[in-house]
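Trainee: I would like to walk through a protein model with you. Please keep the answers short.

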Amino acid sequence: MEIKIPFLGDGIDTANVASILVQPGDQVTVDQTLIELETDKATAPVPSLYDGKVQSILIAEGDIVKEGMLVVILEGGADIEPSASKAEPAKVTSSPVTSAIPAPVIQSETKIENLSYEMMTDLDQVHAAPSILKFARLSGLDLGRISGSGHGGRIQWEDVRTYLSFVQSKAFSSIADVQTEPLKKQVKPEIDFSKFGPIEIKKVSSLRQKISDHLSNAWNEIPHVTQFADIQLDHIMSLRKSLNSKLKKNDIKLSVTVFVLKALAETLKSFETFNSSLVNNELIIKNYIHLGVAVDTEAGLVVPVIRDVDQKSLQDIAKELDVLAEKARNKALSLDDIQGATFTLSNLGGLGASHFTPIVNSPEVAILGTGKADFKVSYDEKTKALSNRLLMPVALSYDHRVIDGADGARFVQSLTKNIELFDKKWVK
């Protein structure tokens, strides 16, 4: 019986094997957790689908795996390929692999001597082990196109294997076009920072690496525009104080974030483009409003999702937000907790931040950032009077391929109105 990696979630291609909880020979039962995976958003268990004894484990802690990959064999299952049954677990890389595509055969009349290639970087400028440099000289491999994962960008053998797998998958795929792949950045020379003073080296966690990759891709692929505004919170603060006094007996406390989430959901009802995704030149409009809420944890930033916010009361949103935030800090979020968001809210007000420019959380097309509210003197054109108002800075970032500046301005105006004149009917 075979245990394979299940669906990892929308937009999640790979996961890191955080821990293996069983050994060959162990008896396991249905739903018992065999492996724990770490994605860029959460820790996810891989349960057993059967009762049985563990025959072999085909991965090791630290490996990178993807959906559908065979990881555990239970006794009584079908035979597997000899290469997969060896004692030494096969290292799995995150490089894209095209399956079921026959490798092309170079015909004898092919004139290999007519093929030419200019190296991107001189090998003398590449930081790698002597064995890797020797391999590159003998094979003609251009190390300048490989991003090193070692200290200071030093190229490791695993980097070479990952790159070769990628090149082969592109070359032997009938649908891939190698020329569309952006060139790897040139490896920067390694700097010995210790010669300037004392240093400390800390390994970047798998979660932090995945967050970095996700945000880098979003920043590079999405043309961002950010619009700023200051929204008055006087009405919300008064309403919040009144409601919290009544809800105190139910151990429920409404934060400003809860009101913003509800007003945001009501705004999205009138701006369907902001609740969409751009996929292959098609705009997918989502007829549901699931809001992601960025949560700061010791391990990094995670974004749990509150579903159908437009259909829930303030009390329901508050309770669900508290539960998800606690699960996020304890690394207990499930895949269901982090999938399906249509729009994201990032609130840095609790950390004292004011204006900032949030990065759109792809495949969404917009994100709202909110900062710390402060009292500021405001002039009322109607009454011709000065007043001291509590203003919250907000920043709306959006994908300019989908949303124009005028639509962005209209969205901010509508959101401002919904927050400043928060409708009491949205409370229940």
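Mentor: Start with helix H2, where Arg161 and Glu158 both lie, 3 residues apart, about one turn of the helix. Helices are DSSP runs of H or I with at least four residues, strands are runs of E with at least two, and both are numbered from the N terminus. This is a predicted model: local features need pLDDT of at least 70, side-chain atom pairs count only at pLDDT 80 or more, and totals for chains, interfaces and linings use all residues. Residues are numbered from 1 along each chain as its sequence is written, and side-chain values use heavy atoms, with hydrogens and water left out.

Trainee: What is the N to O distance where the side chains of Arg161 and Glu158 meet?

Mentor: The two side chains form a salt bridge. That term requires a side-chain nitrogen of Lys or Arg within 4 Å of a carboxyl oxygen of Asp or Glu. For Arg161 and Glu158 the N to O distance is 3.0 Å.

Trainee: Is Arg161 buried, partly exposed or exposed?

Mentor: Buried means under 20% relative accessible area, exposed means over 50%, and partly exposed lies in between (1.4 Å probe, protein chains only). Glu158, with a relative accessible area of 28%, is partly exposed. Arg161 has 45% relative accessibility, so it counts as partly exposed.

Trainee: Which residue forms a salt bridge with Asp399?

Mentor: Asp399 is buried, because its relative accessible area is 1%. Its partner has 47% relative accessibility and therefore counts as partly exposed. The closest N and O atoms are 2.7 Å apart, and the partner is Arg401.

Trainee: Which residues are joined into one network by salt bridges that share partners?

Mentor: Shared partners link three residues here. They are Lys262, Glu266 and Lys269.

Trainee: How many salt bridges does the count come to?

Mentor: Another pair is Glu320 and Lys312, at 2.6 Å from N to O. Glu320 is partly exposed, with a relative accessible area of 24%. By the salt-bridge rule, the count comes to 11.

Trainee: Now the sheet. What is the strand order in the open sheet of 4 strands?

Mentor: Strands count as paired if DSSP finds at least two bridges between them. The pairing in this sheet is antiparallel. The order is E5-E4-E2-E7.

Trainee: Why is one side of E5 and of E7 left without a neighbour in the sheet?

Mentor: Strand E5 (43-47) and strand E7 (64-66) stand at the edges. Each is left open on one side because it has a single partner strand.

Trainee: What is the average twist from one strand to the next?

Mentor: Axes are lines fitted to C-alpha atoms, for helices over the stretch in contact. Angles run from 0 to 180 degrees between N-to-C directions. The twist averages 45 degrees.

Trainee: Which helix packs on the sheet?

Mentor: The helix covers residues 206-221 and touches E2 and strand E4 (33-38). Contact means heavy atoms within 4.5 Å. The helix direction makes about 175 degrees with that of E2, and the helix is H3.

Trainee: What is the bridge partner of Asn16 in E7?

Mentor: Strand E2 (residues 14-20) pairs with E7 over 3 bridges, in the antiparallel sense. The partner of Asn16 is Ile64.

Trainee: Which residue takes a positive phi in the hairpin of E10 and E11?

Mentor: Most residues other than glycine have a negative phi. E10 (residues 276-279) and E11 (residues 282-285) pair over 4 antiparallel bridges, and Leu278 stands opposite Leu283. The hairpin has 2 residues between the strands, and the phi near 50 degrees belongs to Asn280.

Trainee: Where is Lys331 found?

Mentor: Lys331 also has a positive phi, near 55 degrees. Its relative accessible area is 44%, so it is partly exposed. Its place is the loop between H6 and helix H7 (335-338).

Trainee: Which peptide bond is cis, with omega near 10 degrees?

Mentor: Most peptide bonds are trans. This one leads into Pro363, which is found in the loop between strand E16 (343-347) and strand E17 (366-370). The bond runs from Ser362 to Pro363.
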